[in-house]
Amino acid sequence: MKRILTLSLILLAATTGTARPSADVVRTVYFSAVDGNGVHVTDLTAAELTVKEGGKDRAIEAVKPATALMQVSLLVDDGGTGGFTAAVGQFIQATFGRAEYAVRVLQPQAIKVQDFTRNGDELRAALGRLGQRGRVQPDNEQIIAGVFDAAKELRQREARRPSIIALTITGEKALADSADETMNALKASGASLSVVYVTGIALGKVLGDGPKQSGGMIEQVTGQVLLGPTLKKVADNLLNQYVLTYTVPDGVKLHERLSLSTTRKGVKILAPTKLPDK
């Protein structure tokens, strides 16, 4: 009797240990929410949210404040004036301790002046390299290349919470040949693209549509005086993000198209509309 019981227990353990795990896929989305006055809403619950992927409802696993370290790639197109330095410094100060940063500056091509770091001394040195550098001849395609490089780098790093912030007084070429390739790289990276631009310049597919597709912000300023407060809005948006996870059932093909909505009245959701193909 004892031997039969022992054999039964062994068979039960073997069966439990070899059971096939669920092949459901859990996807992660970072988003933010604001009310009619632009104030961030920080108490949304899963019951107030609806996720559709490819037009199909998906089951929400969890919604909570985002606390993971951010990977922020800053792209500065100031025409060589150094006029964005103070605002970039204020942004880093507002988010310091919550992010690591890489910095590129257009001269006119995007030159990396600082690789990803959380070190304050290295960041201060990087800000010094953003100072007045002499007039830079505008090139409306180089900022697109800068976004492409930043997105590619974030994907290679497998950044968990990536973001690209482009500051520009030049804008982009409306029908740039590399726009589609850059948009694909942005989607593949999973990064949000936020754009702060000077009123009157042209925004094409990347700087104009990229923020909407990726869940970033797009803000215009009339001069450098307003740049600091505007960039602080971008910082506040990142600091008040949620992280949402939802389930795609086993056997269901992943879809790039995402829709996230809320039943709470007067609340606007800022979330990506396209996801990486993974």
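Two strands count as paired when DSSP finds at least two bridges between them. With that in hand, here's a quick tour of this predicted model, taking in a six-stranded sheet, a helix lying across part of that sheet, and the buried residue Ser189.

**The sheet**
- Six strands make up an open sheet with mixed pairing, and their order is E6-E5-E4-E7-E8-E9.
- At the edges sit strand E6 (110-117) and strand E9 (218-221), each of which pairs on one side only.
- On average, neighbouring strands of this sheet are turned by 15 degrees against each other, direction ignored.

**The E5-E6 pair**
- In general, the strands of a sheet pair through backbone hydrogen bonds, either parallel or antiparallel.
- Strand E5 (residues 99-106) goes antiparallel with E6, and five bridges link the two.
- If you want a spot to zoom in on, Arg104 stands opposite Lys112 in E6.

**The helix across the sheet**
- Helix H6 (residues 205-214) lies across three strands: E7 (162-168), E8 (192-198) and E9.
- Relative to E8, helix H6 runs at about 140 degrees.

**Ser189 up close**
- You'll find Ser189 in helix H5, which covers residues 179-189.
- Ser189 has a relative accessible area of 5%, so it falls under the 20% cut-off and counts as buried.
- The Ser189 side chain gets to the backbone nitrogen of Ala191 at 3.1 Å.
- Setting aside neighbours within four places in sequence, Ser189 is in contact with Ala151, Leu154, Arg155 and Pro162.

Conventions: Residues are numbered from 1 along each chain as its sequence is written. This is a predicted model: local features need pLDDT of at least 70, side-chain atom pairs count only at pLDDT 80 or more; totals for chains, interfaces and linings use all residues. Side-chain values use heavy atoms; hydrogens and water are left out. Helices (H or I, at least four residues) and strands (E, at least two) are DSSP runs, numbered from the N terminus. Buried means under 20% relative accessible area, exposed over 50%, partly exposed in between (1.4 Å probe, protein chains only). A polar contact is a pair of N or O atoms within 3.5 Å; within protein, one must be able to donate a hydrogen and the other to accept it, and residues adjacent in sequence count only if both atoms are side-chain atoms. Contact means heavy atoms within 4.5 Å. Axes are lines fitted to C-alpha atoms, for helices over the stretch in contact, and angles run from 0 to 180 degrees between N-to-C directions.
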